[in-house]
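Let's take a walk through the aromatic rings of this structure and see who their partners are. Please keep the sequence and the 3D view open as you read.

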Amino acid sequence: MWGPPATTYSWMWEEAKDAGHEFAVGLLDISDSRFADEWQVVSGGNQVVDLSRMIPGDARKIKATLSNGASDLDFIYKIVAKVKDAGVPGSAQKLEEVLRIKIEQDKDVIYEGLVRDLHQGAPGMIRSDSTEEFMHADEADKSFFLTIYLPEEGVDHSFQSLSAQLELRFLAKQATADSIFAE
Amino acid sequence: MKKLAIGLVTVTFVLNIAHLDTTFSFLTSEKKQQSPITTGTNEDVFVTDTEQIVLKTEVIKQTKVTRKKNADGTTSESSQSRLIIHEGVQRISFIPKREHLTLGVENITVTGFLEGEVTVEVVEAMDDEKGIVFRIGHNRHMVGRESKTEKGELQITDLGGFYTHKIPLTLRTAYKSKSDVSEVTEPGQPSQPGTPDTPAPGGGSSEPSPPPPTDNGTPTAPPTEPSGPAPPTPEEPGDDAPPPDQPSADNPSLPDNDEEEAGGDSQLVDLAK
């Protein structure tokens, strides 16, 4: 009976206190957004489809598409990346010291820097770059290329054999003043 | 959609009943993907089969004593020593795992030895070798006059230190000393075949050293060819090298490719090893 996407959260209005108020109901659902299944090798590497055994200078790219699906609300989206431990504790933190990401949108580089600077951040903080933007409900899909790479310099011997998980996320929240991204 | 709306309204009412007075308005969604990520090891940068390097240097001090019995019964003795060094050399190859990767001499440091004692140079790969090939050699100018073994390390670094590989390096110097005595009993022989101190008969000899003074206008016999009269003068750059020339035959007992000083003497007699 209830069949909304699981990632769509319930919502509330202050106006709901007034039972006589007329509701404006909306839907926000970006779960049709997608990341490509395979990473492409930009430079270096014997591996084609994954991020394994990377060495300094290696770069892998993935296409990500932000889709507003059936949403009928304008919303604000944010691109979030994080390295998470997948075994040895501390590996993710170590890898985040050097792992970098470049995000391109329509041939413009909208972000290039450490992955850890694309953590979600505290609620209410708004990014100044285009990794956090407004999207109209009737806008076409947006495509991004995310390039993950290890820089040639600054990655010493101690960064060998690290193993972790890279998590990439699109977050969206309705475009109202006091809305926050869900955790 | 209507069901959704009704549902949301229902939730809202439930939450209101629960006395949530300060409410945010929020509606969120997300999409995520996780990918395993790992970093490589040395084997993802360069591959080498060499696990250790041993340079075996052979130093042979060869002393030649020439005793000359003169016609009047006196003997004179002259000695000449030379040092033969076969410096230890080993080649080592690195196969890069990325096309753009390269190694140079600047990527290699040698520790544990005197400065310059071990030489490192990039060389052409031979048929059975792949990748980047280095020649690691014992510097022949710094070879000691004693048998000894020294140990150190060859350290290769690249990619800002991500690739750091150490290979144990051993220098073994083997020092030997040999003496050869040769006796000469000829009373008095002309020493230098090239010097015209003997009044040469000059008839049928291959090279008449005095230039012919006659000019008949026949250019068929040029008196001095540029390549002609050179060969019978062996250079002797030795320390104490009086050129005791004999009808010389190269002693075949020396298996040396690169000897420091070349001399030609016959009749060697091994005295000491």
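What follows is a short tour of ring pairs and of charges that sit over rings. Please bear in mind that this is a predicted model.

A search over all chains finds six aromatic pairs in the whole structure. A good place to start is chain B, where B:Phe46 and B:Tyr163 meet edge-to-face, with 5.1 Å from centre to centre and 75° between the planes. B:Phe46 belongs to strand E2 (residues 46-47) and B:Tyr163 to strand E10 (residues 163-184), so this contact ties together parts of chain B that are 117 residues apart in sequence. Both B:Phe46 and B:Tyr163 are buried.

Now turn to B:Phe94 and B:Phe134. Why does this pair count as edge-to-face? The ring planes of B:Phe94 and B:Phe134 stand at 80°, and edge-to-face applies to planes over 60 degrees apart, so the pair falls in that class, with its ring centres 5.9 Å apart. Here too distant parts of the chain are linked: B:Phe94 sits in strand E5 (residues 89-96) and B:Phe134 in strand E8 (residues 132-138), 40 residues apart. B:Phe94 has 0% relative accessibility and therefore counts as buried. B:Phe134 is buried as well, with a relative accessible area of 0%.

Over in chain A, ring pairs join A:Phe35, A:Tyr77, A:Phe144 and A:Phe170 into a cluster. Lysines meet rings in this chain, too: A:Lys61 lies over the face of A:Phe145, 4.8 Å from the ring centre. For A:Lys94, the charged end sits over the ring of A:Phe159, at 4.2 Å from its centre.

How values were computed:
Residues numbered from 1 in each chain as written. Chains lettered and ligands numbered in written order. Predicted model: local features only at pLDDT ≥ 70, side-chain atom pairs only at ≥ 80, totals over all residues. Heavy atoms only, no water. Phe/Tyr/Trp six-rings, centres within 6.5 Å; stacked < 30°, edge-to-face > 60°. Helix = DSSP H or I, 4+ residues; strand = E, 2+ residues; numbered from the N terminus. Buried < 20%, exposed > 50% of the residue type's maximum accessible area, 1.4 Å probe, protein only. Lys NZ or Arg CZ within 6 Å of the ring centre and 35° of its normal.
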